[in-house]
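This report describes one protein chain, beginning with a single residue and its surroundings and then turning to the backbone and the chain as a whole.

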Amino acid sequence: MGEVSTIALDAMGGDHGPDVVVPAALRFLERTSGVELILVGDPVKLTEQLGSARHRRLRIHAASQEVAMDELPSKALRNKKDSSMRVAIDLVQRGEAAACVSAGNTGALMATARFVLKTLPSVDRPAIITAVPSVHGSTHMLDLGANVDCTAEHLFQFAVMGSELVRAVEGVQAPRVALLNIGQEEIKGNEQVKLAHDRLAKSSLNYVGYIEGDGIFLEDIDVVVADGFVGNVALKCSEGVAKFIGQSLGRQFRRTWLTRAAGLAAMPILRSFRRSIDPRRYNGASLLGLRGIVIKSHGGADEVAFENAIRIAQKEIHADIPKRIGEQVGRHLNSEQHKAIA
C-alpha cells in the first residue's frame with residue numbers, strides 16, 4: 001500500500017460552505033484511494049451536513065470562526081486566527097496535512113497562506129495559476145490577481161514556476177511559455193513586459209515570445225504569463241464570453257419550432273461543446289511559490305467543481321510541487337548569476 005496523503009478542506013469558505021464541501025469530499029473519496037480528507041469548520045454544522053454519511057478517511061477538525069467573502073484580508077489575518085481557512089492552512093504548516101483547499105475569500109486566503117507558510121527561497125511573490133480551455137486542450141495562466149503591480153523579475157519567476165508546474169503535473173517535457181502582451185512585435189508593451197521578454201529569451205525555458213489575448217485560446221501554448229491585473233481581467237473576460245455564447249445559443253434555439261428542432265438535432269454536439277468549456281472542469285487555482293500547497297476553488301463552485309479542486313491538490317502533492325518550484329527558481333537565478341560573473 002502506498003503512502004496516504006492528507007488534504008485539509010476549508011469547509012466553511014465560499015458561497016455555499018458545507019452544503020458543497022461535504023458532498024464534494026464524499027464524492028472524491030468514493031472515487032479515490034490513498035487520500036484522507038479533513039473537514040475544517042464548525043463541528044455541529046459539519047456533522048449535521050454529513051448526516052448518516054460516514055467515511056473512514058474523512059474526519060472533522062474544529063474551527064470556531066469563518067472568513068466572510070467580502071472581509072478585508074488584513075482583518076481576516078488579524079482577527080480570524082481560528083477561522084476554518086486559517087486552521088486549514090495551519091494544518092499544512094504543521095505537517096498534519098499536505099495541502100489545503102478553500103473556496104473562501106481570495107485576498108484573505110493569499111494573505112493568510114503567505115503569512116503562515118511563507119514563500120519559497122528565491123521566490124519574491126506567490127502567484128495564482130489555473131488552466132483554461134483552448135483549441136489544443138488547455139493552457140495555464142498566471143498571475144490571476146495576486147500581484148497587481150509586477151516587475152520584470154516577478155514575471156520571470158512566474159514563468160519559471162508555471163513551466164515547472166505544467167512539466168510536473170501535465171507531463172509536458174518542455175512547456176511552451178509565452179508573455180501576454182498587446183502585440184507580438186518587439187516594440188509593443190510596457191517597460192516591465194519588455195524587460196521580462198529579454199530575460200526569458202536568454203533563459204533555458206522554452207520561451208516562444210509574446211502572445212496576444214486571443215492566442216490564449218487559439219495558439220499551442222502551455223503557459224501564459226502576465227501581471228495579476230492583466231491576467232485577472234483576461235480570465236474574467238473569457239468566463240464572460242463562455243457564458244454569453246451559451247446563453248445566446250440557448251435563446252437562438254428557442255426562437256421557433258424550426259430552431260428548436262435544429263437544437264434537438266445538434267444536441268450531441270452542443271453537449272460536447274458545453275463539456276469542453278465547462279468551468280467546473282478547470283476549477284482549482286494553485287497559489288504557487290509558497291512552502292506548501294494551497295488550492296483556491298471558485299467561491300460559487302458546486303460539488304463537481306470543488307471535487308476537481310481537491311483532485312488538483314492531490315496531483316500537486318504527488319508531484320511535490322513546492323520542492324520542484326523552489327529548486328527550479330533557484331537554479332535559474334544561479335545560472336544567471338554565473339553568466340553575469342563570466
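In this predicted model, H154 has a relative accessible area of 8%. Because the limit for a buried residue is under 20%, H154 counts as buried. The residue belongs to helix α6, which spans residues 152-170. Leaving aside residues up to four places away in sequence, H154 touches D124, R125 and D149.

The segment that leads to helix α6 also holds a cis peptide bond, which joins L142 and D143 with omega at about 0 degrees. D143 is placed in the loop between β6 (137-142) and α6.

Two residues that are not glycines have a positive phi, namely K118 and D320. K118 is found in the loop between α5 (106-117) and β5 (127-134), while D320 is found in the loop between α12 (303-319) and α13 (321-341). K118 is partly exposed, and D320 is likewise partly exposed. Their values are set out below.

| Residue | Phi | Relative accessible area |
|---|---|---|
| K118 | about 70 degrees | 43% |
| D320 | about 50 degrees | 37% |

Both ends of helix α2 can also be described. At its start, a side-chain oxygen of D42 reaches to within 2.9 Å of the backbone nitrogen of V44, the helix itself covering residues 43-50. After α2 comes G51, with a positive phi near 60 degrees.

The overall architecture comprises 13 helices and 11 strands. How does the radius of gyration of the chain, 21 Å, stand against that of a compact globule? For 342 residues a compact globule would have a value near 20 Å, so the 21 Å of the chain agrees with that expectation. Taken along the principal axes, the C-alpha atoms fill a box of roughly 65 × 60 × 45 Å.

Of the 342 residues, 50% count as buried. The chain exposes about 16,600 Å², and carbon and sulfur atoms supply 53% of this area. Contacts between residues at least 6 apart in sequence join, in 70% of cases, residues at least 24 apart.

The chain carries 41 positive and 39 negative charges, and the mean positions of these two sets are 4 Å apart.

Technical notes: Residues are numbered from 1 along each chain as its sequence is written. This is a predicted model: local features need pLDDT of at least 70, side-chain atom pairs count only at pLDDT 80 or more; totals for chains, interfaces and linings use all residues. Side-chain values use heavy atoms; hydrogens and water are left out. Helices (H or I, at least four residues) and strands (E, at least two) are DSSP runs, numbered from the N terminus. The radius of gyration is taken over C-alpha atoms; the globule rule is 2.2 Å times the number of residues to the power 0.38. Buried means under 20% relative accessible area, exposed over 50%, partly exposed in between (1.4 Å probe, protein chains only). Contact means heavy atoms within 4.5 Å. Accessible areas come from the Shrake-Rupley method with a 1.4 Å probe; for residues, only the protein chains shown count as cover. Lys and Arg count as positive and Asp and Glu as negative; His and the chain ends are not counted. The place of a charge is taken as NZ of Lys, CZ of Arg, CG of Asp or CD of Glu. A polar contact is a pair of N or O atoms within 3.5 Å; within protein, one must be able to donate a hydrogen and the other to accept it, and residues adjacent in sequence count only if both atoms are side-chain atoms.
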